[in-house]
Amino acid sequence: MKLIHLDGVPAPSITVSDEGYEEIVVLVMQYRRCRKRDCTFSENNPVVGVNLCLGCFIEEHTHLTYASAFGEPDEEGRQTYKYNGPKNLDRERGRNKIY
Ligand SMILES: [Zn+2]
């Protein structure tokens with residue numbers, strides 16, 4: 001059995017069966033959207049922050065340009081991405097993980 005929260009952690013938990021949980025995960029991932037503009041996620045617009053798509057992340061961080069995925073996804077399936085900053089500011093290069 002698993003515990004789920006349908007409207008955030010303050011909501012009371014609901015106990016569901018293991019098979020029900022697996023179906024709920026599939027459904028949630030199917031309807032998952034970017035928190036900023038309700039964008040859908042795809043191979044070309046992946047999740048790069050907490051419920052945030054690549055397009056909205058780049059829009060928020062105009063000094064960064066997307067470079068590529070970095071390495072392999074971790075054990076929980078989260079991918080790290082690499083960005084480049086202005087050429088004269090090496091410290092602006094950064095990575096972030098999806099959640
Ligand atoms: Zn978005």
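This passage describes the helices, strands, core and selected loop residues of a predicted model.

Helix 1 comprises the 14 residues 18-31, for which a rise of 1.5 Å a residue leads to an expected span of 20 Å; the C-alpha atoms at its ends are 20 Å apart, and the geometry therefore agrees with the expectation. This helix is hardly covered by the rest of the model, since the count of buried residues among its 14 residues is zero.

The largest nonpolar core, by contrast, is drawn from other parts of the chain, and its nine residues are C34, V47, V48, L52, C53, L54, F57, Y81 and Y83. At least two residues of this core are supplied by each of four elements, namely strand 3 (47-49), strand 4 (52-53), helix 2 (54-60) and strand 6 (80-84). Such a grouping may be set beside a general tendency, in that nonpolar side chains in soluble globular proteins tend to be buried together.

Strand 6 presents two unlike faces, of which the covered one carries Y81 and Y83, while T80, K82 and N84 lie on the uncovered one. In a regular strand the side chains alternate between the two faces of the sheet. Both residues of the covered face, Y81 and Y83, also belong to the largest nonpolar core. Within strand 6, Y81 counts as buried because 21 C-beta neighbours lie inside 10 Å, the cut-off for a buried residue being 20 or more. A contact in space between distant parts of the sequence is illustrated by Y81 and V48, which are 33 residues apart along the chain but whose C-alpha atoms are separated by 7.2 Å; V48, like Y81, is a member of the core.

Strand 6 also takes part in pairing, being joined to strand 5 (residues 65-70) in the antiparallel sense over five bridges. One of the residues involved is N84 of strand 6, the bridge partner of T65; N84 is also among the residues on the uncovered face of strand 6.

Two residues other than glycine have positive phi values, and both are located in loops. D38, with phi near 65°, lies in the loop between helix 1 and strand 3, and this residue counts as exposed because it has 8 C-beta neighbours inside 10 Å, where the limit for exposure is 12 or fewer. N51, for which phi is about 55°, is placed in the loop between strand 3 and strand 4. With 14 C-beta neighbours inside 10 Å, N51 therefore counts as partly exposed.

Conventions
Residues are numbered from 1 along each chain as its sequence is written. This is a predicted model: local features need pLDDT of at least 70, side-chain atom pairs count only at pLDDT 80 or more; totals for chains, interfaces and linings use all residues. The expected span of a helix is 1.5 Å times one less than its number of residues. A nonpolar core is a set of buried Ala, Val, Leu, Ile, Met, Phe, Trp, Tyr and Cys residues joined through C-beta atoms within 7 Å. Two strands pair if DSSP finds at least two bridges between them.
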